[in-house]
Amino acid sequence: MSKNLILIGFMGVGKGTIARALSKKSGIFAIDTDDLIESLENRKIKNIFKEEGEEYFRELEKKTAKWLEKNVTDTIISTGGGFFKVKNLHKIGKVVYLKSSFEAILKRIKKHPNAKKKLKKRPLLKDLKKAKKLFDTRSVQYEKCADIIIDVEDKEIDKIVKEIMEKAKMEKK
Ligand code: S3P
């Protein structure tokens, strides 16, 4: 693998968890765009939204995308749910969409031992009606943008990882 592998999908679908499992299996490092933004800003995403607003955050995503294109290869990159909208996404790497229904995503978040924290750190999940609307719009866009689509609903992590590795032609370590 010399091209990066970019995981996209809705909030809470498991992009970070899957990126780490993929990393373990393949021996390829994984990074996360929200983590990069938090370290660049030295504050949490939810505070960036609160203190600066969403537009400011989207600009940071664009800056991150430019940096990734220029500096990162051979890496698994998990992204925030809206990151896929940056212009140069396909220049950064191969795009893998992790697909699931809204209901399954909510179930996944709620059953997590840290459910409250998971909801709190995501400003756009606060209002579930609005979140569902966003999900419906985004789902169509994710599909259009994807090079590879992986249905992750009700699937074990190991199976998801195996599927991604096969479809993206990655090798085991
Ligand atoms: C967002 C998703 C979040 C984070 C920010 C905005 C979005 O990341 O980037 O709160 O627009 O969908 P996760 O997908 O990791 O929750």
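The exchange below concerns the ligand site and helix H3 of a predicted model.

Reader: What should I know about the model before reading its values?

Author: This is a predicted model, in which local features need pLDDT of at least 70 and side-chain atom pairs count only at pLDDT 80 or more, while totals for chains, interfaces and linings use all residues. Residues are numbered from 1 along each chain as its sequence is written, and side-chain values use heavy atoms, with hydrogens and water left out.

Reader: What makes the pair between the ligand and Asp-34 a polar contact?

Author: A polar contact is a pair of N or O atoms within 3.5 Å; an oxygen atom of the ligand is 2.9 Å from an N or O atom in the side chain of Asp-34, so this pair meets the cut-off. An oxygen atom of the ligand is also 2.9 Å from a polar side-chain atom of Arg-138, and one is 3.4 Å from a polar backbone atom of Gly-82, so these pairs qualify too.

Reader: How much of the ligand does the protein bury?

Author: Taken alone, the ligand exposes 380 Å², of which the protein buries 94% (accessible areas by the Shrake-Rupley method with a 1.4 Å probe). The elements giving two or more residues to the shell around the ligand are H3 and H4.

Reader: Which residues of helix H3 are called buried, and what does that term require?

Author: Buried means under 20% relative accessible area, with a 1.4 Å probe and protein chains only; in H3, residues 45–52, the term applies to Ile-45, Asn-47, Ile-48 and Phe-49. The buried residues of H3 pack against helix H2 (33–41) and helix H4 (54–71), where contact means heavy atoms within 4.5 Å.

Conventions: Buried means under 20% relative accessible area, exposed over 50%, partly exposed in between (1.4 Å probe, protein chains only). Helices (H or I, at least four residues) and strands (E, at least two) are DSSP runs, numbered from the N terminus. A polar contact is a pair of N or O atoms within 3.5 Å; within protein, one must be able to donate a hydrogen and the other to accept it, and residues adjacent in sequence count only if both atoms are side-chain atoms.
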